[in-house]
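Let's take a walk through a protein sheet and one of its helices. Have a look at the fold first, then read on.

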Amino acid sequence: MSLKLYLLRHGETVYSRTGGYCGELDPELTENGEKMAAAFADAHKAIAWDAIIVSPMKRTIATATPLCEAVGIKMQLHDGIKELRYGKWEGQTNEFVRENYSEDYLRWLTEPAWNPPTGGETAVQLASRASLVVAEIQEKYTSGNVLVVSHKATIRVILCSLLGIDMGRYRDRIDVPAASLSIVQFGSLGPKLTVLGDRSFMDAELRSLSGT
């Protein structure tokens with residue numbers, strides 16, 4: 001049996017619902033976000049989990065908690081899988097950023113791998129820290145099922161790094177909605193994406209919610 005890496009984005013927050021930039025900010029899950037976390041736990045509690053590794057933010061911890069309680073596994077918190085740091089854009093809307101940081105915003109849209117949000121972090125910097133976490137997982141768990149509960153940009157950057165996708169295109173090539181699950185299987189030929197952005201474990205009402 002090879003290693004199967006499950007990448008779960010946290011459930012809905014006010015920022016994922018409205019599209020505001022949220023990296024270092026630490027909002028709670030909304031009521032719908034809590035329902036998403038519960039639905040994930042209910043659908044995946046029968047899996048033989050070897051580890052549950054979680055970004056140390058309220059929204060990710062709350063997303064992982066129902067599963068941890070259901071299966072009796074203690075979550076491991078890891079700073080390396082925190083969200084991209086958005087600097088002066090934290091808590092702001094796209095419209096505000098376009099108006100007030102137009103040059104930085106355009107550079108970031110064009111090439112986010114090397115151009116950060118104003119005072120924030122590049123995708124390359126994010127990849128450097130997140131990839132260390134993935135490498136640690138691969139070294140410690142050569143087989144089995146490992147869940148990583150993280151954030152939108154972080155998961156997309158991890159997937160780009162594993163799949164050989166240009167880091168500057170992480171925003172254009174991959175989408176992971178709130179509380180969606182992506183799965184990478186590690187085999188003899190390297191990592192293979194088997195599931196991307198799945199939310200089939202939710203009911204239709206939760207799946208229909210608008211957001212980013």
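L8 sits opposite V149 of strand β4. That is one spot in the pairing of β1 and β4, which run parallel and share seven bridges. Two strands count as paired if DSSP finds at least two bridges between them. Helices (H or I, at least four residues) and strands (E, at least two) are DSSP runs, numbered from the N terminus. In general, the strands of a sheet pair through backbone hydrogen bonds, either parallel or antiparallel.

Before going further, a word on where this comes from. This is a predicted model, where local features need pLDDT of at least 70 and side-chain atom pairs count only at pLDDT 80 or more, while totals for chains, interfaces and linings use all residues. Residues are numbered from 1 along each chain as its sequence is written, and side-chain values use heavy atoms, with hydrogens and water left out.

Back to β4. Seven of its seven residues are buried; buried means under 20% relative accessible area, exposed over 50%, and partly exposed in between (1.4 Å probe, protein chains only). On one side of β4 you'll find G144, V146, V148 and S150, and on the other N145, L147 and V149, so both faces are covered.

Next up is strand β2 (residues 49–54). Five of its six residues are buried, so β2 is largely enclosed by the rest of the structure. Strand β2 runs parallel to β4 (residues 144–150), joined by five bridges, and parallel to β3 (residues 76–77), joined by two bridges. Here are some of the residue partners along β2:

| Residue | Partner | Partner strand |
|---|---|---|
| W49 | N145 | β4 |
| A51 | V146 | β4 |
| I53 | Q76 | β3 |
| V54 | L77 | β3 |

How do the strands line up overall? Six of them form an open sheet with mixed pairing, in the order β3-β2-β4-β1-β5-β6. At the edges stand β3 and β6 (190–198); each has a single partner strand, so one side of each has no neighbour in the sheet.

Now for the helix. Together, β2, helix α3 (residues 58–71) and β3 make a right-handed β-α-β unit. Right-handed here means that, with the strands pointing away from the viewer, the path from the first strand over the helix to the second runs clockwise.

Helix α3 has 14 residues and reaches 20 Å from its first C-alpha to its last, close to the expected 20 Å. That expected span is 1.5 Å times one less than the number of residues. Where does α3 bend? It does so at T65, by about 35°, with a proline, P66, following within four residues. The bend is the angle between axes fitted to the seven residues ending there and the seven starting there. Just after α3, G72 takes a positive phi of about 75°.

The buried residues of α3 are R59, T60, T63, A64, L67 and C68. Their cover includes β1 (3–9), α2 (31–44), β2 and β4.

C68 counts as buried because its relative accessibility is 7%. C160 is buried too, with a relative accessible area of 1%. How many disulfides are there? The structure holds zero, going by cysteine sulfur atoms within 2.5 Å of each other.

Definitions and conventions: Contact = heavy atoms within 4.5 Å.
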